[in-house]
Amino acid sequence: MTEVCDRGQQKPIDQPHLCDQRRASWDMFLVLAKASPSLGPQVAVWAQTMAYQLHVAPPEALLKPLSVPSRLLLGPGPSNLAPRVQAASSLRMIGHMHKEIFQVMDEIKQGIQYVFQTRNPLTLAVSGSGHCALETALLNLLEPGDSFLVGANGVWGLRAADIGERIGASVHPMIKEPGGYYTLQEVEEGLAQHRPVLLFLTHGESSTGVLQPLDGYGELCHRYQCLLLVDAVASLGGVPIYMDQQGIDVLYSGSQKVLNSPPGTSLLSFSNRAKHKVYTRKTKPGSFLMDIRLLANFWGCDDEPRMYHHTTPIVGLYSLRESLALMAEQGLEASWRRHREAMAYLHGRLQGLGLQLFVRDPAARLPTITAVVVPAGYNWRDIVDYVMDSFSIEITGGLGPSAGKVLRIGLLGCNASQENVDRLAEALKEALQRCPRNKL
Ligand SMILES: *Cc1c(COP(=O)(O)O)cnc(C)c1O
């Protein structure tokens, strides 16, 4: 239509403005209607519809080509796409029930089992970002009135608590100052006091840059008949995690952080213990789209024939499959090592600029996302804007409890390189020279 109509001559939208092509087809219909009486009623209906005029014109903005800038994404996510993942996103469409996509889904399942280090049969990808995986976990694991213990040392625990409240669970957040993690002793006190059915912990607390240790937490939870749910959205692939050996009952992660995939798919796995809790619920979970039993069937995790549940993001699944393939080729250990080395190099460069790391305890620093104290006298937003406007590099400020306190730098997947750290350090150096500074 845009080839035929003259875009330059848009008339006011309250006036009839049929373009020539449409006027020609209208004339054609009138001719046909006269010629063939049997077409009469259809033409009458069509003529009625045509009596309306468009009130909403085609938006000018959509008549221009799409334009996307080139940026180095060194915030807490999303990250840049790996070239092989990018290429997968332009592959042709097939149907969501074709045997070839079921094959892709099976390969994704195996990839998730590898990166999670689990043999859980109930392992799949959900259609949505990290929040979708969190909601899927909580909607299925919690029933109204269930006691839910939440490690809230940053924004993710607060969100888990919020979702728990929406479900009607009895939520017990263990609020902690941003920058800290939970010791086994603190968790045990919470378990003993609240007798929860579920504990939530964030492995990589990306709003504060904290790495939560996980050794022994699963075992501790099980002694109190509690399940352990872990958010590994920001850490998976960059930091060691061993779902089965660490006794994690439900684990989830996202596609757009270390995996360098587009946002829109998330990884999720349930242990047999967690599965038992879900399959013996008294009530249906409050979401059809996120019902794990229906998803499990669609992902071929049970012995029943696969039934249509919803249309999966097929192209997103191609990308996710390629991200997991890259991780399988490269090996988890190599990926963990690369992130640790990139982090150490970044920390050195930041300290060279006189910047201070937000997390005091070096062992508790998350390799994938580093939180830096906003340097005295500066507004964090000036620094973030300067780096973006002058260098096309994204870093971000804090989030939730860390807002205003920190700058956050992500080195995720293929972005975790010395070269990228050097580019950022140059940008930060100039930002510190040029951004306004209050005299204290
Ligand atoms: C990014 C992130 C999420 C949220 O993921 P979305 O994909 O934005 O929904 C959850 N948890 C952590 C730790 C994250 O870093």
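User: Where does Gln 225 sit in this model?

Analyst: This is a predicted model, and in it Gln 225 falls in the loop between helix H8 (217–223) and strand S8 (227–231).

User: What makes the phi of Gln 225 worth a mention?

Analyst: Its sign. Phi of Gln 225 is near 50°, which is a positive value in a residue other than glycine.

User: How do you know that the peptide bond from Gly 77 to Pro 78 is cis?

Analyst: Look at omega: for the bond from Gly 77 to Pro 78 it is near 0°. Pro 78 belongs to a loop too, the one between strand S1 (72–73) and helix H3 (83–88).

User: On to the ligand. Which residues surround it?

Analyst: Ser 129, Gly 130, His 131, Trp 156, Thr 202, Gly 204, Ser 206, Asp 231, Val 233, Ala 234, Gln 256 and Lys 257. To make that list, a residue needs a heavy atom within 4 Å of the ligand.

User: How does that shell split by class, and what makes Gly count where it does?

Analyst: The shell has 3 nonpolar, 7 polar and 2 charged residues. Gly goes with the polar ones because the scheme puts it there.

User: Why is the pair between His 131 and the ligand called a polar contact?

Analyst: A polar side-chain atom of His 131 is 2.6 Å from a ligand oxygen. The cut-off for a pair of N or O atoms is 3.5 Å, so this pair qualifies. Ser 206 passes as well, with a side-chain N or O atom 2.6 Å from an oxygen of the ligand. For Gln 256, the distance from a side-chain N or O atom to a ligand oxygen is again 2.6 Å. As for cover, the ligand has 380 Å² of accessible area on its own, and the protein covers 89% of that.

User: How do you know which pocket the ligand occupies?

Analyst: The space it takes is the second largest pocket. The test is that more than half of a molecule's atoms lie within 2 Å of the pocket's grid points, so the ligand counts as sitting there.

User: What is that second largest pocket like?

Analyst: Its volume is about 300 Å³. The lining has 19 residues, and those closest to the centre are His 131, Trp 156, Val 233, Gln 256 and Lys 257. H5 and helix H6 (155–167) are the elements that give two or more residues to this lining. H5 gives the most, with 3 residues. By class, the pocket lining comes to 7 nonpolar, 8 polar and 4 charged.

User: Why is a space called a cavity rather than a pocket?

Analyst: Because a 1.4 Å probe fits in a cavity but cannot get out, whereas a pocket is open. The whole structure has 2 cavities of 30 Å³ or more.

User: What makes up the lining of the largest cavity?

Analyst: Val 126, Ser 127, Cys 132, Thr 136, Leu 289, Met 290, Leu 295 and His 310. Strand S2 (122–127) and helix H5 (130–141) each put in at least two of the lining residues. The lining has 5 nonpolar, 3 polar and no charged residues, and the space in this cavity is about 50 Å³.

User: And which element gives the most to the lining of the second largest cavity?

Analyst: Strand S11 (residues 369–373), with 3 residues. The residues lining this cavity include Gly 209, His 347, Arg 365 and Ile 369. They divide into 5 nonpolar, 3 polar and 1 charged, around a volume of about 40 Å³.

Definitions and conventions:
Residues are numbered from 1 along each chain as its sequence is written. This is a predicted model: local features need pLDDT of at least 70, side-chain atom pairs count only at pLDDT 80 or more; totals for chains, interfaces and linings use all residues. Side-chain values use heavy atoms; hydrogens and water are left out. A polar contact is a pair of N or O atoms within 3.5 Å; within protein, one must be able to donate a hydrogen and the other to accept it, and residues adjacent in sequence count only if both atoms are side-chain atoms. Accessible areas come from the Shrake-Rupley method with a 1.4 Å probe; for residues, only the protein chains shown count as cover. On a 1 Å grid over the protein atoms alone, a cavity is a set of points where a 1.4 Å probe fits but cannot get out, and a pocket is an open set with protein on both sides within 12 Å along at least five of seven lines; lining residues have an atom within 4 Å of a point. Grid points are joined across faces, edges and corners, and a volume is the space filled by probe spheres set on the points. Helices (H or I, at least four residues) and strands (E, at least two) are DSSP runs, numbered from the N terminus.
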